[in-house]
Amino acid sequence: MKQIQMQDTYIKKIKEINKNQKYAILTMGCQLNENDSERISGMLEKSGYTKTNDLSKANVIVFNTCCVRENAEDRLFGKLGEVKKYKEENGCIIAIGGCMMQEKHMIQKIQESYPFVDVIFGPHTLQKLPEDLYNSIIENKKIEDILDIDGEVVEGIPTAREDKIKASVTIMNGCNNFCTYCIVPYVRGRERSRHPQDIYNEVVNLAKQGYKEITLLGQNVNSYLVSEKAKGENVDFIVKKESGDEYKVNSFATLLRLINEVDGIERIRFISPHPKDFTDDVIDAIKDSKKVCKLIHLPLQSGSTEVLKTMNRKYTKEHYLDLVEKIKNKIPNVQFSTDIIVGFPGETEKDFEDTLDVVSKVKFEQIYMFIYSRRVGTVADKMENQIDERIKHQRFDKLKKLAENIIAEKNINYVGKTELVLVEGKSKTNEKIYTGRTETNKVVNFEGNENMIGKILPMKIVSEHMWYLKGKYDNI
Ligand code: SAH
Ligand code: SF4
Ligand code: F3S
């Protein structure tokens, strides 16, 4: 809190010298990164900046970077080339934050090749942006504000959200898993859970503002409070509810049950859980909590037990399939989505076939597919049996085809049914068309009106179009 009060003094100082200035922010990473961007926006808006999407008009340009795959990094360098001319033309401040700034070789590259960058900060120093920005403006010097050690959980950072219906709430930072391909544990540090009272208060506040859907975020949501427990800390937290009643939270399952009771919130999602931590209490909490969407994102990464072992995922193909079966048996009509990496070092044709096999068996609603990308500092980067780029792409295409066939097949099942759709707003391309999502996160487009926004309405699905369904408001 003290930290935030100090930042507030910098926010006031910037506001005093700020004359109708604008900021632009480019978010390059996952939903956690997007959630961080909402906090960056919150601090900037409190400092008197208004948002613009036109980089040439911005007085402050912030990049919130990601380094999970090479293409995320390439995007930053492409954009830095573009903003150089704005810096020369109007002297705007350029700040770079996010996961990539936790990598020393990247900071070095920026300092050498893009010396015009003013402020460098990381996920652990995000809350200090007002101070860093102020010092950069006043003293006209380059700021590098990176913490190598794990940051603490900081509460009370102002937040500016773009969406008015759906909101993300981070419940924990960091990751302890060290999957061998992944850079995240190196850049985000160890797991740290937020206090459930802070999470509860945030969700209650969002509900009061009219938000209907909450996504609980973390690299590993089902290990919420687990590392605190392992350190011997007391994790039996008593949360005081709006009603005055008390509720004990000591796990992800109990947190889900608590959030399910927040009036006004109608849908709850969470990403990402780890299959190894998907305990029965979590399955029961999903089953019992009406608002928790029955679409579970369950990252597979690979269907091959051998590959899973070298990935350090700590489950086998059979364990994954058994878990899916167990969840399906307990929760009727549950659906799954997943993340898959193709071309991990040493992946044979047979291993890849195992991935296809799991995909055919589980019939995911949605698959986020990635080509393995070497990350400096990870164990897998040092493995000698890297896969040829051509083979990686061939496998990716084959998986994509299979996934699309399954999606098309499943889409047909929606046609003729009535689905409950949370209406999000107007479609971007057609004034008369509105758009929303089913509980299974399928996009539904339909003819509608302003009054429907924010409501969950029954829609008759009249046709399917691969990436969206067409619906008709079914008001009888
Ligand atoms: N913590 C989450 C997600 C982490 S990053 C989880 O464990 O599921 C999101 C996804 O990016 C991962 O699930 C993985 O599929 C992918 N990913 C991570 N590192 C990668 C790499 N080096 N190459 C390709 N994909 C990667
Ligand atoms: Fe990366 Fe694995 Fe942690 Fe997910 S669980 S963030 S994939 S190390
Ligand atoms: Fe990228 Fe960091 Fe998220 S590396 S995927 S922005 S946690």
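**Exercise 1. Work out which residues make up the shell around ligand 3 in this predicted model, and how they divide by class.**

Step 1. Start with the class tally: the shell around ligand 3 divides into five nonpolar, three polar and one charged residues.

Step 2. Now put names to it. Ligand 3 has Gly29, Cys30, Asn33, Cys66, Cys67, Val68, Cys99, Arg188 and Gln219 around it.

Step 3. Match the two. Cysteine counts as nonpolar and glycine as polar here, so Cys30, Cys66, Cys67 and Cys99 go in the nonpolar group with Val68, while Gly29, Asn33 and Gln219 are polar and Arg188 is charged.

**Exercise 2. Do the same for ligand 2: which residues surround it, and how many fall in each class?**

Step 1. List the neighbours. They are Cys175, Asn177, Phe178, Cys179, Tyr181, Cys182, Val184, Pro185, Gln219, His274 and Arg313.

Step 2. Sort them by class, and you get seven nonpolar, three polar and one charged.

Step 3. Look for overlap with Exercise 1. Gln219 is in the ligand 2 list, and Gln219 turns up around ligand 3 too.

**Exercise 3. Describe how the protein holds ligand 1: which residues are closest, and where do the polar atoms meet?**

Step 1. Count the shell. Ligand 1 has 15 residues around it, with Arg69, Gln219, Gln301, Asp339 and Ser373 the closest. By class, that shell holds seven nonpolar, four polar and four charged residues.

Step 2. Pick out the backbone contacts. A backbone N or O atom of Gln219 sits 2.7 Å from a nitrogen atom of ligand 1, and one from Ser373 is 2.9 Å from a nitrogen atom of the ligand.

Step 3. Add the side-chain contact. Asp339 puts a polar side-chain atom 2.6 Å from an oxygen atom of ligand 1.

Step 4. Check the cover. On its own, ligand 1 has 530 Å² of accessible area, and the protein covers 90% of that.

Step 5. Place the ligand in the fold. Strands S15 (335-342) and S16 (366-371) each supply at least two shell residues. Domain 2 (163-292) and domain 3 (294-413) both contribute to the shell, so ligand 1 lies between them.

**Exercise 4. Contrast the sheet that holds S15 and S16 with the barrel that starts at S17: what are the strand orders and pairing senses?**

Step 1. Read off the sheet. It's open, has three strands in the order S14-S15-S16, and pairs in parallel. S14 (295-297) and S16 are the edges, each pairing on one side only. From one strand to the next, the twist averages 15°.

Step 2. Zoom in on one pair. S14 and S15 run parallel and are joined by three bridges; Ile296 has Phe336 in S15 as its bridge partner.

Step 3. Turn to the barrel. This one is closed, with five strands running S17-S18-S19-S21-S20 and mixed pairing. Its twist averages 50° between successive strands.

Step 4. Zoom in again. S17 (residues 418-426) and S18 (residues 433-437) pair antiparallel over four bridges, and Val423 has Gly436 in S18 as its bridge partner.

**Exercise 5. Hunt for unusual backbone geometry: what is notable at Ser272 and Leu225, and where do they sit?**

Step 1. Go to Ser272. The peptide bond leading into it from Ile271 is cis, with omega near -10°. Ser272 belongs to the loop between strand S13 (267-271) and helix H10 (280-288).

Step 2. Move to Leu225. Its phi is near 70°, a positive value in a residue other than glycine. Leu225 is in the loop between strand S10 (213-217) and helix H8 (226-230).

Terms used: Residues are numbered from 1 along each chain as its sequence is written. Chains are lettered from A and ligands numbered from 1 in the order in which they are written. This is a predicted model: local features need pLDDT of at least 70, side-chain atom pairs count only at pLDDT 80 or more; totals for chains, interfaces and linings use all residues. Side-chain values use heavy atoms; hydrogens and water are left out. A residue is near a molecule or strand if one of its heavy atoms lies within 4 Å of it. A polar contact is a pair of N or O atoms within 3.5 Å; within protein, one must be able to donate a hydrogen and the other to accept it, and residues adjacent in sequence count only if both atoms are side-chain atoms. Accessible areas come from the Shrake-Rupley method with a 1.4 Å probe; for residues, only the protein chains shown count as cover. Domain bounds come from an automatic or database domain assignment. Two strands pair if DSSP finds at least two bridges between them. Axes are lines fitted to C-alpha atoms, for helices over the stretch in contact, and angles run from 0 to 180 degrees between N-to-C directions.
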